[in-house]
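Hello,

Here is the structure I promised to pass on to you. Have a look at it first, and then read my notes below.

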Amino acid sequence: MLTKSYRHHLFAASLLTVFLGTFFTAQAKRASQDGGSVTTVVIDAGHGGNDRGGIPGQRVAEKDMTLDVAQRLKRVLAASGYRVVMTRDSDVFVSLGGRVALANSYPNALFVCIHFNSAKRMGAGGIETYFYSRDSLPLASAIHYFVAGGAPSSNRGVRRRGYYVLRKTRIPAVLVECGFLTNPTEAAYAQTASYRQKLAEEIAAGVRGRNSVTSALTTTRVATSETIPLQPYIDQTKVAKSERHRSKRSHKKSVQRKKKSSKPAGSETKAASKDQEG
Ligand SMILES: [Zn+2]
């Protein structure tokens, strides 16, 4: 049964979707053109090498899916006139510090991290997009709008969280979770080349449309940098109460871990286990 709060969130999410839909229709032409100088996009394929990603026993290796989507995204963005830099372009391990250092060496670039989610509960599914700094919100909103809109999976919302690669980058940085590889339906999609191509095209559409979403958010007061908490600001619309509770516990744990150690190594552990949080 729907709770009152659930219905409220669902209604708010629907309103936002309708508004953004209208907005993008009106702005579609402008959004598809960046104009001006060439923008650099640093694409970060999650995991790699010894770091398989996901949870123990997971059948589909996250590192393979992230690399394939990243390489497709590279081709789509390059075709749109972007300069693209990859944190990895093969099955190798790259430290989180190395990824961040590369991103920060391009001061006017955008940083896009590609991941897939996993959970012990097979039914868990959906698309979620993370950002940390205020400058990253427009890019996160735009990427999420297109990826979640184009995917058959549920919309888990745009969320603010202090992942290492998001906290340490000095350029707009977004981490998109392109679905759950532990969910049989989403894993089946992820394993088809056409779906991974679609994911790449939707992420690219978000990159191209990032400036349009900035205007949309400032005019609707959906969120401002001051009002965005570290928890989801667009609430999860299709997540069970127990799952939300678990997510809060995970957040608490990560805060405790952060208190213990703010070293990159500690953060790496946190980031490596992040996919288990949802
Ligand atoms: Zn991952």
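Let's begin with one residue, Gln71. Is Gln71 buried or partly exposed? It has 19 C-beta neighbours inside 10 Å, and a residue needs 20 or more to be buried, so Gln71 counts as partly exposed. Please keep in mind that this is a predicted model.

Gln71 lies in helix α2. In sequence, Gln71 and Ala200 are 129 residues apart, yet their C-alpha atoms are 8.5 Å apart in space. On contacts across the chain, take the pairs of residues at least 6 apart in sequence: 82% of these contacts join residues at least 24 apart.

Now for the overall picture. The protein chain has 10 helices and 6 strands, and 44% of its 278 residues are buried.

Next, the sheet. Strands of a sheet pair through backbone hydrogen bonds, either parallel or antiparallel. In this model, 6 strands form an open sheet with mixed pairing, and their order is β2-β1-β3-β6-β4-β5. At the edges sit β2 (83-86) and β5 (155-160), each of which pairs on one side only. From one strand to the next, the twist averages 20°.

Helix α2, the home of Gln71, spans residues 62-79 and packs on this sheet. It touches β1 (40-45), β2, β3 (110-117) and β6, and its direction makes about 145° with that of β3.

If you would like a pair of strands to trace, try β4 (residues 127-131) and β6 (residues 173-180): they run antiparallel and are joined by 4 bridges. Glu128, for example, has Glu177 in β6 as its bridge partner.

Helix α4 (residues 137-150) also meets the sheet, lying across β3, β4, β5 and β6 and running at about 170° to β4.

How does α4 pack with helix α7 (residues 193-208), and at what angle? The angle is about 150°, and their axes are 7 Å apart. Angles over 145 degrees count as roughly antiparallel, and α4 and α7 are therefore roughly antiparallel to each other. The crossing of α4 past α7 is right-handed. On the α4 side, the contact is made by Ala142, Ile143, Tyr145, Phe146, Val147 and Gly150. On the α7 side, the residues are Lys198, Leu199, Glu202, Ile203, Ala205, Gly206 and Val207. Together, the residues of this contact divide into 9 nonpolar, 2 polar and 2 charged.

Enjoy exploring!

Best wishes

Conventions. Residues numbered from 1 in each chain as written. Predicted model: local features only at pLDDT ≥ 70, side-chain atom pairs only at ≥ 80, totals over all residues. Pairing = 2+ DSSP bridges. Helix = DSSP H or I, 4+ residues; strand = E, 2+ residues; numbered from the N terminus. Axes fitted to C-alpha atoms, helices over the stretch in contact; angles between N-to-C directions. Contact = placed C-beta atoms within 7 Å. Buried ≥ 20, exposed ≤ 12 C-beta atoms within 10 Å, placed from the backbone. Parallel < 35°, antiparallel > 145°, perpendicular 65-115°, else oblique. Left-handed = near helix turned anticlockwise from the far one by under 90°. Nonpolar A, V, L, I, M, F, W, Y, C, P; charged D, E, K, R; others polar.
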